[in-house]
Amino acid sequence: MNLTLRVWRQSGPSAPGKMVTYRVEEVSPDMSFLEMLDVLNERLILSGDDPVAFDHDCREGICGMCGMVINGVAHGEQRATTTCQLHMRHFEDGATITIEPWRAAPFPVVKDLVVDRSAFDRIIQAGGFVSVPAGSAPDAHSIPVRKEDADDAFDAATCIGCGACVAACPNGSASLFTAAKITHLSLLPQGQPERLTRAKAMVDQMDAEGFGGCTNTGECTAVCPKGIPLDTIAQMNSDYLKAN
Amino acid sequence: MAGYLASEGVTATIERGAATAPVSKPASKKPTPGKRGGFLRSSNGKKVIMAVTGAVMVLFLVLHMLGNLKIFLGRDSFNEYAEALRTLLEPIAPYRTVLTILEVGLVVSVVLHMWAAISLARRARHARPVKYVAKKSQAQGYTTHIMRWGGVTILLFVIWHLLDLTFGVVNPKGYDSAPADRMIAGFDLSRWWVTLFYIVAVAMVGLHLRHGIWSMFQTLGWATRVKALRPLAALVSAVLVIGFLAPPLAVTFGVIK
């Protein structure tokens, strides 16, 4: 496959950026999107150019490090798939692919396609935890949990914090991420004592970071690689309302 | 950037991960909220204001639609209904007491709904200072994308609508006329463009509500267990659109004279 890439290049946090066009030839359809970028970078390095910086770690779709807006869609148009698990066979030979970083004021660009997602860490620090003695794992049946609640909590807990929801949201809202973390804990018995203070602290931190408000467009859940449902946001809203 | 590597003193041995960002991260701008923001200042609080004021307006629309349909029972029935609205609770309360209270409530709702919407839109703009070169919507339905401009369209329509049928300024019958006369003259076939404008505006209201009614339940946190909310919102919107369009169309096409 031969491709034309339009990539956002930005040398540092305060440097101005621009879209730069590259030709990448002899790409295998079996390559992942990141492997295709590896090929580009090897050629850039050999020609003495600065390689395109992008975040990645496990390349198995479970760590949440990778993520870029591909042709206007966070993680690309393949549903429920992280960028690392997106394969080149989903693109046509000769295609032009536009690649941009997550765009949000609370996610400043570090370099090229790498953004600083520390804002998510601070939302978690504000209340995304349970204050219980962490000893050895308790017996599975010592605290009964309804099957439905366990399933919903697990669905929410699959959030890998990649930030695609923020990138896709027309308001730059972090509601799906925050709601997933709140719902995960608020459906389980261990999360009950801090349920309302947690919701308030995390939502207030989300606002303080400068994320936008939710207008229920559903763009977030459509691009979420883990398919976190919009219901989690209703759960967050309900808890936040009770906390006030 | 030729010579970049040499100037940094990096050898050509590039391993996996070498292309990632430098480890040092920029200093965080806002580590914690400086002060406790009030509920109504929070983005969630503003959404609750939008939901509650929206609910008030939807309830008003239902009553307004039912009142309009009285025109099918004849001019007298419609005029009596209009008079009854003004004389409700008389003689306990003076003329127009209930109606004035309702009007004040509506104006307050409209103002708060707009204030919250503008405030959230400004917040959204600040949250994405750099726009995407390419952006493709992935969510179903386009109504969510026209809520803001749809709202502006509806506001402009409401202003026209009040000038036409409430104050009679742009109505052929003027202010000192029976409500039914104003309606029948206002939507006369010779003023077909008024009917057309009305159809467009009411359709816009319907689209606004299709997202808005569902969104209201989502914002208030009642949407977690009810799966039929989206179809329900669409149904209520459709009923309102049909109910509001029936009288003017009947007038324009001469069914009601």
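A residue counts as buried when its relative accessible area is under 20%. In this predicted model, that label fits quite a few residues of helix H2 of chain A, which covers residues 118-127. The buried ones are A:Ser118, A:Ala119, A:Phe120, A:Arg122, A:Ile123 and A:Gly127. Other helices of chain A help to cover them, including helix H4 (164-168), helix H5 (175-186) and helix H6 (195-208).

Next come the aromatic rings. Over all chains, the structure holds twelve aromatic pairs. Take A:Phe120 and A:Phe177: their ring centres sit 3.7 Å apart and their planes are at 0°, so this pair is stacked. In sequence the two are 57 residues apart, with A:Phe120 in helix H2 of chain A and A:Phe177 in helix H5 of chain A, so to speak a link between distant parts of the chain. Both A:Phe120 and A:Phe177 are buried.

Chain B has a pair with another geometry. B:Phe157 and B:Phe197 meet edge-to-face, with 5.8 Å from centre to centre and 80° between the planes. B:Phe157 belongs to helix H5 (residues 147-166) of chain B and B:Phe197 to helix H7 of chain B, so the pair ties together parts that are 40 residues apart in sequence. As for accessibility, B:Phe157 comes out at 7% and therefore counts as buried, while B:Phe197, at 35%, counts as partly exposed. These two rings also have company: together with B:Trp160, B:Phe187, B:Trp193 and B:Tyr198 they form one aromatic cluster.

Then there is the meeting of the two chains. The contact takes in 73 residues from chain A and 60 residues from chain B. Between them, the chains bury about 5300 Å², and 51% of that is on carbon and sulfur atoms. Polar contacts turn up here too, with 28 residue pairs counted between chain B and chain A, both partners at pLDDT 80 or more. Two salt bridges are found across the interface. In one salt bridge, B:Arg123 partners A:Asp207, and the closest N and O atoms are 3.3 Å apart.

Which helices of chain B supply at least two residues each to the side that touches chain A? They are helix H1 (4-8), helix H2 (43-68), helix H4 (97-127) and helix H7 (192-219). Sorted by class, that side of chain B has 24 nonpolar, 21 polar and 15 charged residues. Helix H7 of chain B thus appears in two places, as a supplier of residues to the side that touches chain A and as the home of B:Phe197.

Notes: Residues numbered from 1 in each chain as written. Chains lettered and ligands numbered in written order. Predicted model: local features only at pLDDT ≥ 70, side-chain atom pairs only at ≥ 80, totals over all residues. Heavy atoms only, no water. Contact = heavy atoms within 4.5 Å. Buried area = accessible area lost by both parts, 1.4 Å probe. Salt bridge = Lys/Arg side-chain N within 4 Å of Asp/Glu carboxyl O. Polar contact = N/O pair within 3.5 Å; in protein donor to acceptor, adjacent residues only side chain to side chain. Helix = DSSP H or I, 4+ residues; strand = E, 2+ residues; numbered from the N terminus. Nonpolar A, V, L, I, M, F, W, Y, C, P; charged D, E, K, R; others polar. Buried < 20%, exposed > 50% of the residue type's maximum accessible area, 1.4 Å probe, protein only. Phe/Tyr/Trp six-rings, centres within 6.5 Å; stacked < 30°, edge-to-face > 60°.
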